[in-house]
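Reader: I've got a new model open and I'd like to learn to read it feature by feature. Can you walk me through it?

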Amino acid sequence: MIQPKIIAIIGARPQFIKHFPLEKATKDKINLITIHTGQHYDSNMSDVFFNQLGMNQPDYMLQLGGGNHGEQTGKMMIEIEKIIVNEMPQAIVVYGDTNSTIAGALVASKLHIPLFHIEAGLRSYNKKMPEEVNRILTDHISDLLFVTSDIAIENLKKEGIEEGIFLVGDLMKDLVLSVKKDNLIGEKKIIDAYYYATIHRPYNTDFPERLLKILNQFNILDKKVLLALHPRTNKLLVDYNIKKTDYSNIIFIDPQSYLSNLNYMIHSEGIITDSGGIQKEAYWIQKKCVTLRSETEWVETVALGGNSLLFDDISSLEAEMNSKPSNWDDSLYGNGNCAEQIVETILKLNTFEKTN
């Protein structure tokens, strides 16, 4: 049996996490070729997924790096198109909502190659977020849309998308459950009681007064705060002349590898973040999460009480950290076999007729 050739496009940390379970599930079933756009190029944001988890090295490494959104997306499209024209795959897979996602999606659409969007249907209803625009556009030009929940299906239907939708759960849950099952989490690190925090989104970091407000709130919490500094956030601290030594309640640490990140989360007393993926991971490991955003795509985590949203007024951060749900829903976003469901669906439908 000839295996279909499919190209998967990755480039940012969450996409490495999602790609790994799919890569394993496609073995001996699909000829999966990987393009790494280089959107995240810090070693802790990228290389560790290949070195630590044993992912296959990407077939193509573009190393395009940073730049403004338009510049970055444009450079990606140019290089991705060259590869697609040369390889002529039967389909293209994109994940989530990054610039790598929309670049791959637009190339697939213009070359009339079937497009499969994993983690489709998410909406924050905040179009000031580049990710929101990316995910909306990608959904509307995709042939198959793999979603995490019924709410994602409803979001798509509101926009007139009703075909090619498959409820499969979340690839990130596949990996979290696998890591826990294989006991890959190490011993507790650094201190006994702490909150674990990650902050990187522009609305929390691009204005000195906002970043100072967050740091000052961390500094008066009832427990130490381990703040894993995204490279961008760390640079802004220097640019704003914010001295880490002014914050005795905060322990600043480097960006963490996937397993180390989970280690810190599992052994923490709770999690503070503006990351999308960490909100879900926090729920699956049953840790209270406070998200420093006014909205979230992962509305189920809020509805179930495991996640709280704070933005304008963050003075209640400590109270929210100590407000936990009485029960945790183990079935949230699937049962850990998302990757297998995606592969089975692709092979069963054989949706490759658009290919020239």
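Reader: Let's start with the cysteines: is Cys289 buried or exposed?

Author: Burial goes by relative accessible area: under 20% is buried, over 50% is exposed, and in between is partly exposed, using a 1.4 Å probe and protein chains only. Cys289 has a relative accessible area of 1%, so that residue is buried. Cys338 is buried too, at 2%. One thing before we go on: this is a predicted model, where local features need pLDDT of at least 70 and side-chain atom pairs count only at pLDDT 80 or more, while totals for chains, interfaces and linings use all residues. Residues are numbered from 1 along each chain as its sequence is written, and side-chain values use heavy atoms, with hydrogens and water left out.

Reader: How many disulfides does a search of the whole structure find?

Author: A disulfide here is a pair of cysteine sulfur atoms within 2.5 Å. The search comes back with zero.

Reader: On to sheets. How do I read one, and what is the strand order in the open sheet of seven strands?

Author: Strands of a sheet pair through backbone hydrogen bonds, either parallel or antiparallel. Elements are DSSP runs numbered from the N terminus: helices are H or I with at least four residues, strands are E with at least two. Two strands pair if DSSP finds at least two bridges between them. The seven-strand open sheet runs 3-2-1-4-5-6-7, with parallel pairing. Strand 3 (60–61) and strand 7 (165–167) sit at the edges with a single partner strand each, so one side of each has no neighbour in the sheet.

Reader: Which residues are the bridge partners of Ile9 in strand 2 and in strand 4?

Author: In strand 2 the partner is Ile35, and in strand 4 the partner is Val94. Behind that, strand 1 (residues 5–10) pairs in the parallel sense with strand 2 (residues 31–36) over six bridges, and four bridges join strand 1 to strand 4, again parallel. Strand 1 is mostly covered, with five of its six residues buried. Step along to strand 5 (residues 115–120): strand 4 (residues 91–95) pairs with strand 5 over four parallel bridges, and Val94 stands opposite His117. In strand 5, six of six residues are buried.

Reader: What about the other sheet: which strands stand at its edges?

Author: That open sheet has six strands in the order 10-9-8-11-12-13, and the pairing is parallel. Strand 10 (250–253) and strand 13 (307–309) are the edges, each with a single partner strand, so one side of each is left without a neighbour in the sheet. On average, neighbouring strands there are turned by 20° against each other, direction ignored. Strand 8 (residues 194–199) and strand 9 (residues 224–229) share six parallel bridges, and Thr198 has Ala228 in strand 9 as its bridge partner.

Reader: Which strands does helix 11 lie across?

Author: Contact means heavy atoms within 4.5 Å. Axes are lines fitted to C-alpha atoms, for helices over the stretch in contact, and angles run from 0 to 180 degrees between N-to-C directions. Helix 11 (residues 258–266) lies across strands 8, 9, 10 and 11 (271–273), at about 135° to strand 8. Helix 12 (residues 276–284) lies across strand 8, strand 11, strand 12 (289–291) and strand 13, at about 165° to strand 11.

Reader: And helix against helix?

Author: Two packed helices are described by the angle between their axes and the distance between the axes. For helix 4 (residues 99–110) and helix 5 (residues 130–140), the axes come within 9 Å and cross at roughly 25°. The two are therefore roughly parallel (angles under 35 degrees; over 145 is roughly antiparallel, 65 to 115 roughly perpendicular, the rest oblique). Asn99, Thr101, Ile102 and Ala105 in helix 4 meet Asn134, Leu137 and Thr138 in helix 5.

Reader: What is the sign of phi at His112?

Author: Most residues other than glycine have a negative phi, and most peptide bonds are trans. His112 has a positive phi of about 60° although it is not a glycine. His112 sits in the loop between helix 4 and strand 5 and is partly exposed at 46% relative accessible area. Gln286 also has a positive phi, near 60°, in the loop between helix 12 and strand 12.
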